[in-house]
Amino acid sequence: MFDRSPQVFARLDRFLRDHVPHDLYLDTAPVEVTAWEVPDEPIPFATARDAAFEPFVVGRPWGRPWGTTWFRVRGEVPTSWADVPGASPELVVDLGFHGNSVGFQAEALAWRSDGTAIKAIEPENRWLRVGAPGETFEVFLEAASNPRVTSDGQVNPTPLGDKLTAGTAPIYRVQRLDLGLRDLTVWELVADIEALRGLAEHLPGSTRRSEIIAALSAMLDAVDWDDLHGSAPTARQVLAPMLERPASASAHTVHAVGHAHIDSAWLWPIRETIRKCARTFSNVLDLIDTDPEVTFACSSAQQYQWMKDGYPDIWARMKDAVAAGRFIPVGGMWVESDINLTGGEALVRQFLTGTRFFLDEFGVEPQEVWLPDTFGYSAAVPQIARLAGKKYFLTQKISWNDTNHFPHHTFWWEGLDGTRIFTHFPPVDTYNSTLSAEELLRSEHTFAERGGATVSLAPYGFGDGGGGPTREMLQAARRFADLEGAPRVELSTPQRFFERAIAEYPDAPVWSGEMYLELHRGTYTSQHRTKAGNRRNEHLLREAELWATTASVRTGAAYPRGALDRLWRQVLLLQFHDILPGSSIAWVHQEAEASHAGITRELHELVGVSLAALGGGSDAGALANPAPVSVRGVPAFGVGVPAEQDAVRIDRVDDGVVLDNGVVRVTIDARGLVTSLLDQRAGRELVTPAEPIGRLQLHDDHPLNWGAWDIYDYYRTRVVDLDGADTLDIGHDGTAAVVTVHRRTTASTIVQQYRLEPADPELTIGLHVDWHERNRLLKLAVPVDLRTEVATSEIQFGHLDRPIAVNTSWDAARFETAAHRWVRVAEPDYGVALTNESTYGYDITRHTRDDGGTTTVMRATVLRAPVFPDPEADQGGHEFSFGVVAGATTADAIAHGYRRNLPARDAPGAGVEPLVSVDTPAVVVEAVKLAEDGDDVVVRLYESLGTRAGVTVALHADARGVSLTDLLERPLDDQSPLRVEDGRARLVLRPFQIVTLRWARG
């Protein structure tokens, strides 16, 4: 027999392309359409309903970029349609869709005249249910003319990401707006064809495949192309035997969970995300109302909050659907945040704030972490998640690795401290599944745990820009429920899947440490101002809580709970995984920068109020130290008068200047580069010949794809050392010695400032960069005379070691890494740290010199200049502060990192005793706050050195008792690790363990 499958597939293509679109509807009828274009930003329905609508003709252009046009549609369903069996009337809408990309172009929300939402209109969801034959109707379509913000490879600039540059001409043309009488038999036939055709295309050569192709060919012969309506029942009968054969006994089972990954901002602004949520959730609720098996998993408490605030009818329906177990809160986070760059306490607050919202609003506590699209996974997450009450973890993005294939789909993920969480990485390889045959077969054929496990999860529904599940996806689910050649499909829930998965595979393999995404490495650096605002406000929130708690306990001052909660929520939103990483359009980052600036101002005001209350009206000068380490003799979390210091010595030499504070001696040459850094305590020179510290290096940066997201290692092949100095100024700032160097490139100017404080082993390197490069990358190099096998990087609540040598493909792929406040390289008896206050990206390498010694080079990635999706990304002024700490132990690196990020500030009064203290430097206090549900004092701390540490924690205030809690501040069942002696908490912490203590007051 000849293989006629190519011909059969070609006939199917033509049939589905040329005939089905015209024959899906038995009849059509006109409607009356009027329209009104909103002058600027979106408005509420109540305002739009009373607007001056004007007649609108189908075929007319509409919608400037980012605009809103309201269409009012009136009509009557023809009475003649009542006599047509197997048909359903509906409004059919084509707003001028470009292809079928859902969520990346025009979309609309349909409203009833009473102001309640119905469902969305989107490229793959173009219909709206109307009344019975003979009934009249009126609906309003709130149509968003969102532009398609894309480019080839996502690397070329586009003006569409900013309202000011996107233009004002209409970008869509309405193609269809009428009533249609849907032929249900033809609709079902199409679903039959697509299911079987998908199997035939993707099954390997087999009897089953050949039989399906033969049946599809016979169906094409049986159908009357000139009378599809009349012949569709016969065509379905031809295919029916192929759809009745059950799956094999050993078939994999796919738990299909309705889902819509809605990016809280990305190629659209936050205001549009709010409308996307309303459109998507109304779609889902409409499906729930009409199909008893549909369930929908939805993360991000922020998105629920938007519905509560702005769409009361959708919110009420959501609450009912949650109560019925159909609309399922998952994740327990405020947003699906980035988890590489988000700080430790902020990551705790993602879970605390999100999970409390779900508990308060629904009485539901999600059991899983739900992060399908986050760009890499910190080793701190398993412990944080488990302490927040989570049992499971789901992600998808790790499949995007560009070098190594991740070896597991179902596994235990072991974190930094040894905590494990049961994890699933769906082999369907998408979080936007349509339940196609290709996707389902991929789930089974690529499943890494075959032989040990039999189930996987498939999140189905249009996502990124929203949309959610469709009725066609449910058709597919039912055809694949039990079908030969395919895995079984079970409409399910996340909890049902995870319970079944862990029950059948409790001894799943273990992945230990971070899950490094071998892609999107540029997100550690892009959009520096957004990142700097996040880092600054994470620490200011911590400081504001500390002083507000201290003032409340010591003076009875009112705790600004409402303001702190509001500001935390703003920061948590801006940690979404396309905002903090810097991969959104210009509009998003302009708003993020403005929001962070406003948050900063308000937090400084809150801190000032608290410190004024603690100062008791005194004008005496003191320093308030919010860091968990002492500063100039002022204890951690205390207010005191700092110790006097002698000025740093400055000596001019022929080719530069020498700075000497008795601890380190720094030589800076005429180029403004550090040619000697002598640790006088150890008698150790850190700088090697011809490799100065402080060199700025400019690289070409042209990623293959995804401009703001990616850095490729070939950037290293082209580099310009910025060694030229226009001017070099030397002087004192108080007791500190300061050397200021002015540099320039062809497009940018840089002011580089070295600062050495008295009796301090840390040399600060400040940068002010007026940046106007395009597709360039700026590095700050700190080469030191030191040999090490690993680089140590701070992450949330600890640090991890990464190999420097490139021995494996995994090492080669890890050429750019993320760190928080510091990185450190060390020999067994000596180390050097590089601290920062707003930088996350690093590359750390080593090489052997001609003299046989080894130079280890720490390089901070200072700035990038991608042109997509924001063509003006990072243009303009930036401030940076780095510190090179000579002779740094791990404890030194931690202390200097905190001091740089939590600087002491002037305060009234002569002194305030710390509210909290610990008796070992190994244990760091990360947060001091009042409890979410009262006036108890909550203290969060962690073991920071990777050692076992006994610690006594004291609250210097009256208290009735202390208890161990989870991150939601609920008492742990097991209090046995805690001993209380004279009101102080005594604990032994394992390496990197996080502990939360709650002191009951009054």
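These legends go with a set of views of one predicted model.

**View 1. The whole chain, for orientation.**
Before zooming in, here's the overall picture: the protein chain has 18 helices and 53 strands. Its radius of gyration is 31 Å, close to the 30 Å that the globule rule gives for 1002 residues, so the chain is as compact as a globular protein of that length. The C-alpha trace spans about 100 × 70 × 60 Å along its principal axes. Of the 1002 residues, 62% count as buried. Taking contacts between residues at least 6 apart in sequence, 75% join residues at least 24 apart.

**View 2. Helix 8 and what packs over it.**
Helix 8 covers residues 312–323. With twelve residues at 1.5 Å each, this helix should span 16 Å, and its end C-alpha atoms sit 17 Å apart, which agrees. Look for D313, I314, W315, M318, A321 and V322, which are the buried residues of the helix. A handy reminder for reading that list: an α-helix has 3.6 residues a turn, so residues three or four places apart point the same way. What covers these buried residues? The cover includes helix 6 (270–290), helix 7 (301–310) and helix 9 (344–362), along with strand 8 (117–121) and strand 15 (327–329). After helix 8 comes G325, with a positive phi near 75 degrees.

**View 3. An aromatic cluster that takes in W315.**
W315 turns up again here, having already appeared among the buried residues of helix 8. It belongs to one aromatic cluster together with F281, F296, Y304, F327, W334, F357, F358 and F362.

**View 4. Strand 40 between its partners.**
Strand 40 (residues 822–827) is mostly covered, with five of its six residues buried. Strand 37 (residues 790–795) runs antiparallel to strand 40 and is joined to it by three bridges. On that side, V823 of strand 40 is the bridge partner of S793. Strand 41 (residues 830–836) is also antiparallel to strand 40, this time with six bridges. There, W822 stands opposite T835 of strand 41. How many residues does the hairpin from strand 40 to strand 41 run through? Just two residues make the link.

**View 5. Two aromatic pairs, two geometries.**
The model holds 45 aromatic pairs. One of them is F56 with F71, an edge-to-face pair at 5.0 Å centre to centre and 80 degrees between the planes. F56 lies in the loop between strand 3 (54–55) and strand 4 (61–62), while F71 is in strand 5 (residues 67–76), so the pair ties together parts that are 15 residues apart in sequence. Both F56 and F71 are buried. Now for Y712 and Y714: their ring centres are 5.6 Å apart and their planes are at 10 degrees, so this pair is stacked. Are these two tyrosines buried or partly exposed? Y712 has a relative accessible area of 16%, so it is buried. Y714, at 35% relative accessibility, counts as partly exposed.

**View 6. Arginines over rings.**
Two spots here, each with a charge over an aromatic ring. The charged end of R176 sits over the ring of Y25, 5.2 Å from the ring centre. At the other spot, R182 has its charged end over the ring of W187, with 4.5 Å to the ring centre.

Terms used. Residues numbered from 1 in each chain as written. Predicted model: local features only at pLDDT ≥ 70, side-chain atom pairs only at ≥ 80, totals over all residues. Heavy atoms only, no water. Helix = DSSP H or I, 4+ residues; strand = E, 2+ residues; numbered from the N terminus. Expected span 1.5 Å × (residues − 1). Buried < 20%, exposed > 50% of the residue type's maximum accessible area, 1.4 Å probe, protein only. Contact = heavy atoms within 4.5 Å. Pairing = 2+ DSSP bridges. Phe/Tyr/Trp six-rings, centres within 6.5 Å; stacked < 30°, edge-to-face > 60°. Lys NZ or Arg CZ within 6 Å of the ring centre and 35° of its normal. Rg over C-alpha atoms; globule rule 2.2 N^0.38 Å.
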